[in-house]
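Good morning, colleagues. Please bring the structure up on your screens; I should like to speak about charged pairs and a surface patch.

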Amino acid sequence: MPKFLYEALPCRVIFGVGSLERLPEEVERIHARRALVLSTPEQSGEARSIAERLGEKSTGVFAKAAMHVPIETAESARDEAKRLGADCCVAVGGGSTTGLAKAIALVSELPIIAIPTTYAGSEMTPIWGLTQGGIKKTGRDLRVLPRTVIYDPTLTLTMPPSLSGASGMNAIAHCVEALYAEDANPIISLMAEEGIRALAASLPVVVKAPRNLDARGAALYGAWLAGMSLGAVGMALHHKLCHTVGGAFNLPHAETHTAILPHAVAYNASAAPDAIGRVATAIGTSSAAQGLYDLAIAVGAKMALKDYGLKETDLDRAAELAIQNPYYNPRPVTREGIRRLLDDAYYGRRPTVTA
């Protein structure tokens with residue numbers, strides 16, 4: 001057995017159909033009385049409904065969360081929380097909303113209750129991210145780790161099939177990189193492999209039969225494990241590329257993860273054969289890179305970054321940004337290698353690597 005370090009993160013999870021009913025008591029449990037409910041503009045109706053559910057325990061709604069947490073949005077939300085005298089944040093939605101709650105907590109230490117409606121996984125992590133001037137900066141701080149996460153599969157029913165597929169592939173990416181993380185450990189590796197298995201089996205059902213709550217629950221279970229994996233160990237090339245490309249060129253987060261993942265796996269296959277083999281086993285294929293590509297196609301994802309607004313003229317700058325600030329990856333990161341990877345992802349080519 002290799003040496004390893006495992007540290008459990010202090011987070012309370014409530015899982016199951018109907019779990020949202022427990023929100024008021026969870027607000028009381030953290031001794032809060034003035035919860036600010038956060039959401040994107042698209043989910044403002046759900047946010048208002050949850051604020052009404054909280055009644056006197058809610059101080060209002062801030063429905064301006066945006067992808068990659070622009071610093072301007074974060075500062076506006078911080079000012080609003082201070083103006084309203086909020087003593088906790090209730091984040092309703094995906095990674096954008098959870099990220100906004102973290103931006104508030106980072107400077108105010110307000111506790112967060114997260115209610116995920118996608119498979120983003122950021123609700124289980126102490127990782128925060130802010131975008132300023134086209135550059136996304138991330139960090140880890142226990143102040144931003146939600147106190148309680150409420151997983152209610154019924155809340156994912158409003159997620160369109162196309163977003164369900166991409167969001168689920170984003171979650172799988174967390175698991176994949178956890179398996180070859182520099183600080184990987186046996187407990188998280190078990191969670192990561194199980195997360196891939198649950199998501200790979202459930203996502204095609206979710207997309208084809210969106211009202212299937214059993215499949216929704218299985219996918220949310222996989223996403224929870226993916227979030228645990230993301231929060232406990234470091235990530236590598238795939239996440240670096242997605243943050244770089246997404247933040248610099250304002251591409252959709254989950255879709256960018258989906259398009260890049262098979263190519264990042266192909267890039268690392270020869271340097272992390274055991275981890276990549278576990279990925280292949282979990283999705284039931286002989287090739288992890290090709291299997292992930294085929295799974296993404298099966299859930300209706302577009303696999304070319306050009307379809308999400310990236311321009312071919314952006315690829316050189318994206319490669320340059322990706323090699324700045326050295327970071328861990330199983331295989332050495334070179335500009336030439338990253339440029340080829342991005343070219344494959346830009347055109348949506350199926351990986352040729354068989355590992």
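Arg349 is partly exposed, at a relative accessible area of 36%. In this predicted model, Arg349 makes a salt bridge with Asp344, and their closest N and O atoms are 2.8 Å apart. Asp344 is likewise assigned to the partly exposed class, since its relative accessibility of 28% falls between the limits of 20% and 50%. Both residues belong to a salt-bridge network that also links Asp316, Glu320, Arg335, Arg339 and Asp343.

Let me turn to helix 13, which spans residues 335–347. Within it, Arg340 and Glu336 are 4 residues apart, about one turn of the helix. These two form a salt bridge, with 3.0 Å between the closest N and O atoms. Is each partner buried or exposed? Arg340 is partly exposed at 46% relative accessible area, whereas Glu336 counts as exposed at 57%.

A further pair is found in helix 3, residues 71–84. Here Arg83 and Glu80 are 3 residues apart, and so about one helical turn separates them. The closest N and O atoms of this salt bridge lie 2.9 Å from each other. Arg83 is exposed, with a relative accessibility of 60%. Across the whole structure, the search finds 16 salt bridges.

Finally, the nonpolar surface. Met1, Phe4, Tyr6, Ile187 and Leu190 form a nonpolar patch there, and together they have about 560 Å² of accessible area. Of these residues, Tyr6 sits in the segment before strand 1 (12–15). Tyr6 is partly exposed, its relative accessible area being 35%.

Technical notes:
Residues are numbered from 1 along each chain as its sequence is written. This is a predicted model: local features need pLDDT of at least 70, side-chain atom pairs count only at pLDDT 80 or more; totals for chains, interfaces and linings use all residues. Side-chain values use heavy atoms; hydrogens and water are left out. Patches are made of residues with over 30% relative accessible area and no salt bridge: like charges are joined within 9 Å, nonpolar side chains (Val, Leu, Ile, Met, Phe, Trp, Tyr) within 5 Å. Accessible areas come from the Shrake-Rupley method with a 1.4 Å probe; for residues, only the protein chains shown count as cover. A salt bridge is a side-chain nitrogen of Lys or Arg within 4 Å of a carboxyl oxygen of Asp or Glu. Helices (H or I, at least four residues) and strands (E, at least two) are DSSP runs, numbered from the N terminus. Buried means under 20% relative accessible area, exposed over 50%, partly exposed in between (1.4 Å probe, protein chains only).
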